[in-house]
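Q: Hey, got a minute to go through this one with me? I'd like to start with the ligands.

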Amino acid sequence: MKGNLLSGPEPDPSTDAGHTDAPPRVGFFTDTSVCIGCKACEVACKEWNALPEDGLSFSGMSYDNTQALSASTWRHVAFIEQSAPSAVPTPEGRAELPLAGAEAPGTDGGQMRWLMSSDVCKHCTHAACLDVCPTGSLFRTEYGTVVVQEDICNGCGYCVPACPYGVIEQRPADGRAFKCTMCYDRLGAGQEPACAKACPTESIQFGPLDELRERAALRVDQLQEAGVTGARLYGHDPQDGVGGDGAFFLLLDEPAVYGLPPDPQVTTRDLPAMWRHAGAAGVALAAGTVLSFTLPSVLRAAASAAASAASAASAALRGGGAR
Ligand code: SF4
Ligand code: SF4
Ligand code: SF4
């Protein structure tokens, strides 16, 4: 029997969710160092899951035209353009970023680099979206992933602020929430998710989570030895604020550069303490209410008893004096 399923170490989330004989937990390892920004993963996700388009408009800010994860974009390839201080300002005040022959900042003559990263739902070990869902629309699968069933979503929207990564979103048309399902239907048929299948560089790797963590640790060491000092893992640690992610990343810079929270915490972590405090406050309020009604009559009775005693004593004294 576990003490707290909302936070802390959680080695087997699918068994704790009630699955017996669950297969090994699976996940994604996204190695951004080999992502070429082709967006095949975004397209494969949309195609397999029959997701609507996002407007097909350019943001004017970047080659990243989808910009963020949403109810209709379950994979989002971020294009992060990092310019060196030597980038040339144009008369309009925008930085001129040379696209041909550019090298990474810090290298001789280099002026910019692109960081590309295919973001997705993290399939958290402690998934606050699931914890707060009142209908059971969000649930933990036997593979340890987190899936939303749109047909029983009531559109309450509780899951949206609960997600520490800003992943899950409601569709404006009907309010139902959507996000990556790690292609639950494909997993059931023994296939890998559509995005991993489509990725030409194996930037998205799918498999048993333990194996992926070992592979990722080796890859970081390899990059560090090759002089890529910024290489680091994100979301791989079972001791972090969400108990580790089922979808974790190898990044080349700080998480914030990619729009990821540096120290994510499961938002339901403090619920047990909050309920304890709310319970104590309720008991105190109830006691105060009872006292406010009963105290005056108790005081009146006490005053009346004291007056009777004083009167009796006085009578006794008077009687003694007459003798
Ligand atoms: S990333 Fe957000 S939506 Fe995905 S499982 Fe975690 S809390 Fe839920
Ligand atoms: S696992 Fe499936 S649903 Fe999730 S991002 Fe990849 S293709 Fe889309
Ligand atoms: S993750 Fe793979 S499929 Fe997606 S943009 Fe990068 S290289 Fe292309």
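A: Sure. One term before we start: a residue is near a molecule if its C-beta atom, placed from the backbone, lies within 6 Å of it. And keep in mind that this is a predicted model.

Q: Okay, so which residues come nearest to ligand 2?
A: C45, C180, C183, P193 and C195, out of 14 residues around ligand 2.

Q: And which element gives the largest share of that shell?
A: That's α2, with 4 residues. Helix α6 (194-198) also supplies at least two.

Q: How does the shell around ligand 2 divide by residue type?
A: There are 11 nonpolar, 2 polar and 1 charged.

Q: Now ligand 3. Which residues are closest there?
A: 15 residues surround ligand 3, and the closest are C35, C38, C41, S118 and C199. Two elements give two or more residues to this shell, α2 (40-49) and β5 (112-120).

Q: What's the split by type for ligand 3?
A: 10 nonpolar, 4 polar and 1 charged.

Q: Switching topic: what's the strand order in the open sheet of 4 strands?
A: The order is β10-β1-β12-β11, and the pairing is mixed.

Q: Why is one side of β10 and of β11 left without a neighbour in the sheet?
A: Because β10 (204-208) and β11 (232-234) stand at the edges, and each has a single partner strand. On average, neighbouring strands here are turned by 25° against each other, ignoring direction.

Q: How many bridges join β1 to β10?
A: 5, and the two strands run antiparallel. One example is F29, whose bridge partner in β10 is Q205.

Notes
Residues are numbered from 1 along each chain as its sequence is written. Chains are lettered from A and ligands numbered from 1 in the order in which they are written. This is a predicted model: local features need pLDDT of at least 70, side-chain atom pairs count only at pLDDT 80 or more; totals for chains, interfaces and linings use all residues. Two strands pair if DSSP finds at least two bridges between them. Axes are lines fitted to C-alpha atoms, for helices over the stretch in contact, and angles run from 0 to 180 degrees between N-to-C directions. Ala, Val, Leu, Ile, Met, Phe, Trp, Tyr, Cys and Pro count as nonpolar, Asp, Glu, Lys and Arg as charged, and the others, Gly among them, as polar.
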